[in-house]
Amino acid sequence: MKTTKYSTIYDVIIAGAGPVGLFLACELALAKCSVLILEKAEDPYSPLKQMPFGIRGLNAPTIEALYRRDLLKDLKLHERVKNPHQNAKQGAQRQGGHFAGIPFNFGDIDTSQWEYRLPASTETNLISEMWELETVLTRRAEALGVELRRGHAITGFHQTVDGVTVRSDDQSFQGKWLVGCDGARSAVRKTGGFEFAGTEPEFTGYSTLVDLTDPEKLNPGRNVTPRGMYMQSQPGYLLIQDFDGGAFHHSKKPITLEHLQEMLRRISNTDITISALHVATTWTDRARQATTYRNGRVFLAGDAAHIHAPLGGQGLNLGLGDAMNLGWKLAATIQNKAPEGLLDSYYTERYPIGAEVLDWSRAQVAIMKTDPAARALYAIVRNLINTRDGATYVAGRVWGVNTHYNLAGKHPLVGHSVPNFELECDTTIGDLMHDGLGILLDFDNNDSLKTLVDHYGDQIKYVSGQAKDQLGLSALLIRPDGIIAWTADQPDLAGVEQATGLWFT
Ligand SMILES: Cc1cc2nc3c(=O)[nH]c(=O)nc-3n(C[C@H](O)[C@H](O)[C@H](O)COP(=O)(O)OP(=O)(O)OC[C@H]3O[C@@H](n4cnc5c(N)ncnc54)[C@H](O)[C@@H]3O)c2cc1C
């Protein structure tokens, strides 16, 4: 950070210390940028961040990202708690996730279709909670020197060609760049003039903790009925979808016991009785995405850039993916190490991934609706998911195993996350990514590749040696976010040279 006569100038100011803002701050600080996070809430704690409300399913790209930054080992919840939204079975019968409430099990999936997933790959899915994630990320961010000011809501900003002045009530802060990670109602998005395009909700969703007089009247698991959806995932913890066009959520009426009971009786077609209401919150399937993620020196990431129904648990994963993608590109720009177009590739790479997730959530809502056509389609999709190919397809999407960017390159692995090669020195490629640098992984100990990489100073590290399974490859250029920028099965100096020039200077 630079201190002038008037104020401190941070490289980046981040709005919001949710998981996305915190993870982005870690990425930037790892790359030696000065970062200030301004967070609206005085107190980071909320019961909605803890089990069962705060439970979040992490998918393969998120788990890989946390592993690559040595953060995965700090997440312990999944070791002691089962996902309450899934069945309690083990082995092949263990539930792996769902599409529109239609479950698929681990035993249904043909992992041989994922030819580049190596035995050392991290899990495809596991659970954490908002509280755990934010605690782990805050600790890391502060250890890396990030300044976090709580009780500082961003109320406006002004940008020039050189930087951004950010206001929080009567205080001002100077940054070279501003990133809005301030959630679904993002002040940065609204004041920054970003268009937020998309579709209006079909339902109001409820997460609620109640006492039930006769819980056995509700069926186990997720129940998509001709009148809506309900799920009792642990005693008294209910998820409900009422297809009211989002009217109740937008009415801002208090959620009463009577309202919940009427709705639950109607949707479950029982005379269930709620004897006490402890906590309740609502959400919708409104699906919107910023049409651009950048306006000059201001970026959006996470829920600030895209919102959708939490069906199948994708929003947090999407946001953390934004942060992993943006962090190193913004850091390289700040340090004058970015080739032309690097920063713009944040939008071109992340927007289509976000759009796919929005459509994935819309498709689920479309077949969960209460009209006869939706019910008919639901039955057909359920039959398809009950096939091996169907379950494998859905698992690949839900777990993000197939997520990739359309980068220029001949090999089918270009644009994909690097497989977790197990190197002969008893380490994995993921273990070598803790410092956030690019890597040239050379299985053929090719001197000319080493010489080439030496020109890139501390941006790319050269790693040579054999791996247990090299997937027939000769060498790989891996970006700091773990994405393969180039690979080939034969030495190809010209190919590497071209790719390094695209991503590094
Ligand atoms: C019921 C439910 C279940 C879900 N389950 C899953 C799941 O299983 N998997 C998954 O991937 N996703 C899931 N999601 C989505 C996930 O919770 C969000 O996508 C994720 O929390 C987004 O993170 P974020 O950091 O972008 O925003 P947030 O978590 O909303 O954090 C934004 C932060 O910005 C702060 N802030 C707001 N305004 C300002 C301001 N003006 N100035 C400064 N700070 C501000 C807020 O206080 C907050 O700390 C679920 C969502 C819901 C509602």
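This report walks through a predicted model, from its domains to its ligand and a few backbone details.

## Before you start

Residue numbers run from 1 along each chain as its sequence is written, and side-chain values use heavy atoms, with hydrogens and water left out. Since the model is predicted, local features need pLDDT of at least 70 and side-chain atom pairs count only at pLDDT 80 or more, while totals for chains, interfaces and linings use all residues.

## The overall layout

The domain assignment (bounds come from an automatic or database assignment) splits the chain into domain 1 (2-81 + 124-196 + 289-368), domain 2 (204-284) and domain 3 (422-503). Taken over C-alpha atoms, the centres of domain 2 and domain 3 sit 52 Å apart.

## Around the ligand

What surrounds the ligand? There are 27 residues in its shell, and Glu39, Arg56, Gly57, Ile154 and Asp303 are the closest; a residue is near the ligand if one of its heavy atoms lies within 4 Å. Sorted by class, that's eleven nonpolar, eleven polar and five charged residues. Here Ala, Val, Leu, Ile, Met, Phe, Trp, Tyr, Cys and Pro count as nonpolar, Asp, Glu, Lys and Arg as charged, and the others, Gly among them, as polar. Helix α8 (315-334) gives the most, with three residues, and α1 (19-30), β3 (35-39) and β4 (55-59) each supply at least two. Helices (H or I, at least four residues) and strands (E, at least two) are DSSP runs, numbered from the N terminus.

Now for polar contacts, meaning pairs of N or O atoms within 3.5 Å. One ligand oxygen atom is 2.8 Å from an N or O atom in the side chain of Arg56. A ligand nitrogen atom is 2.8 Å from a polar backbone atom of Ile154, and an oxygen atom of the ligand is 3.0 Å from a polar backbone atom of Asn317. The protein covers 81% of the 1,000 Å² of accessible area that the ligand has on its own (Shrake-Rupley method, 1.4 Å probe).

## Backbone details

In the loop between β3 and β4 you'll find Pro52. The peptide bond leading to Pro52 from Met51 is cis, with omega near -10°.

Two residues that aren't glycine have a positive phi: Asp70, at about 60°, and Asn445, near 45°. Asp70 is in the loop between α2 (60-68) and α3 (77-80), and Asn445 is in the one between β24 (438-442) and α12 (447-454). Asp70 is partly exposed, with a relative accessible area of 28%, and Asn445 is also partly exposed, at 46%. Buried means under 20%, exposed over 50%, and partly exposed in between (1.4 Å probe, protein chains only).

How values were computed
Polar contact = N/O pair within 3.5 Å; in protein donor to acceptor, adjacent residues only side chain to side chain.
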